[in-house]
Amino acid sequence: FFLVRGRIKIEAGWSGREVERFNALERFAHWLTATSFVLLGLTGLNILYGRYVIKPLIGADAFSTLTLMGKYIHNFLGFAFMVGLVLIVVIWIRENIPDKDDWGWIKKAGGLFTKGSHPPARKFNAGQKMIFWLVVLSGVSLSVSGLALLFPFKIDLFGPTFAVLSLVGFDFPTDLTAM
């Protein structure tokens with residue numbers, strides 16, 4: 001997009017004034033969530049697919065060490081991700097409730113495709129609000145399922161679903177359980 005549209009400049013020119021957009025707590029919450037998400041993604045991919053992709057490249061011993069470290073990182077960093085997620089919800093939920101300005105922003109695609117068009121938005125525009133809700137809902141889903149995997153005897157989220165699948169007669173080699 002940048003190659004086609006180019007840099008979008010300030011129409012009235014630089015005023016010389018700077019406005020703080022996010023305070024230290026907001027930046028901390030953002031980077032805690034983002035950094036832990038990236039590390040959880042990398043360690044999670046290794047746990048899921050590492051034996052097929054990484055193990056042939058680095059050997060069984062190195063892969064074992066890498067995966068064990070990744071498992072501990074994954075298990076403990078999950079809590080940092082959840083804390084970050086709670087922080088961003090508490091800090092930004094008020095500004096991410098859809099309002100009357102959002103429909104105008106969507107109709108004009110944020111002014112990205114037309115010069116001289118800058119639709120009104122408050123702290124967050126409609127695109128940022130959509131990303132916020134996607135992150136929050138996906139993050140809650142990942143967190144809850146991660147907790148169920150970490151504590152299978154305490155949190156039995158999928159047991160009833162597995163019981164129904166086994167009862168209905170899906171032809172699995174064994175009955176599905178939370179374990």
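**Helices and a pocket in a predicted model**

In this predicted model, helix α2, which covers residues 24–53, and helix α4, which covers residues 60–92, have axes that come within 7 Å of each other and cross at roughly 145 degrees. Two packed helices are described by these two quantities, the angle between their axes and the distance between the axes. The crossing of α2 and α4 also has a hand: it is left-handed. Sorted by class, the residues in the contact of α2 with α4 are 20 nonpolar, 12 polar and three charged.

From this pair of helices, turn to the chain as a whole. How many helices and how many strands does the chain have? There are seven helices and zero strands. Read along the sequence, the pattern is therefore written α-α-α-α-α-α-α, one symbol after another. The radius of gyration of the chain is 23 Å, whereas the globule rule gives 16 Å for 179 residues. The value for the chain is well over that of the rule, so the chain is more spread out than a compact globule. Along its principal axes, the C-alpha trace spans about 65 × 45 × 35 Å. Of the 179 residues, 23% count as buried.

Next comes the largest pocket. About 650 Å³ of space lies in it. Which residues lie nearest the centre of the largest pocket? They are L40, H74, L142, G146 and L149, out of 20 residues that line the pocket. Helices α2, α4 and α6 each supply at least two residues of this lining, with α6 running over 126–150. The two helices of the crossing described at the start, α2 and α4, thus appear again here, as contributors to the lining of the largest pocket. By class, the lining has 11 nonpolar, eight polar and one charged residues.

Helix α6 also holds two residues that can be looked at one by one. K129 lies in helix α6. Is K129 buried or exposed? K129 is buried, because its relative accessible area is 4% and the limit for buried is under 20%. K129 and I93 are 36 residues apart in sequence, and their C-alpha atoms are 9.4 Å apart in space. W133 is found in helix α6 as well. The relative accessibility of W133 is 26%, so W133 counts as partly exposed; that class lies between the limit of 20% for buried and the limit of 50% for exposed. W133 and I97 are 36 residues apart in sequence and 9.4 Å apart in space, taken from C-alpha to C-alpha.

The last residue to find is V4, in helix α1, which covers residues 2–5. V4 has a relative accessible area of 78%, and it is exposed because that class begins over 50%. Where the chain is followed from V4 to F113, the two are 109 residues apart, yet their C-alpha atoms are separated by 9.9 Å.

Methods
Residues are numbered from 1 along each chain as its sequence is written. This is a predicted model: local features need pLDDT of at least 70, side-chain atom pairs count only at pLDDT 80 or more; totals for chains, interfaces and linings use all residues. Side-chain values use heavy atoms; hydrogens and water are left out. Axes are lines fitted to C-alpha atoms, for helices over the stretch in contact, and angles run from 0 to 180 degrees between N-to-C directions. Helices (H or I, at least four residues) and strands (E, at least two) are DSSP runs, numbered from the N terminus. A crossing is left-handed if the near helix is turned anticlockwise from the far one by less than a right angle, and right-handed if clockwise. Ala, Val, Leu, Ile, Met, Phe, Trp, Tyr, Cys and Pro count as nonpolar, Asp, Glu, Lys and Arg as charged, and the others, Gly among them, as polar. On a 1 Å grid over the protein atoms alone, a cavity is a set of points where a 1.4 Å probe fits but cannot get out, and a pocket is an open set with protein on both sides within 12 Å along at least five of seven lines; lining residues have an atom within 4 Å of a point. Grid points are joined across faces, edges and corners, and a volume is the space filled by probe spheres set on the points. The radius of gyration is taken over C-alpha atoms; the globule rule is 2.2 Å times the number of residues to the power 0.38. Buried means under 20% relative accessible area, exposed over 50%, partly exposed in between (1.4 Å probe, protein chains only).
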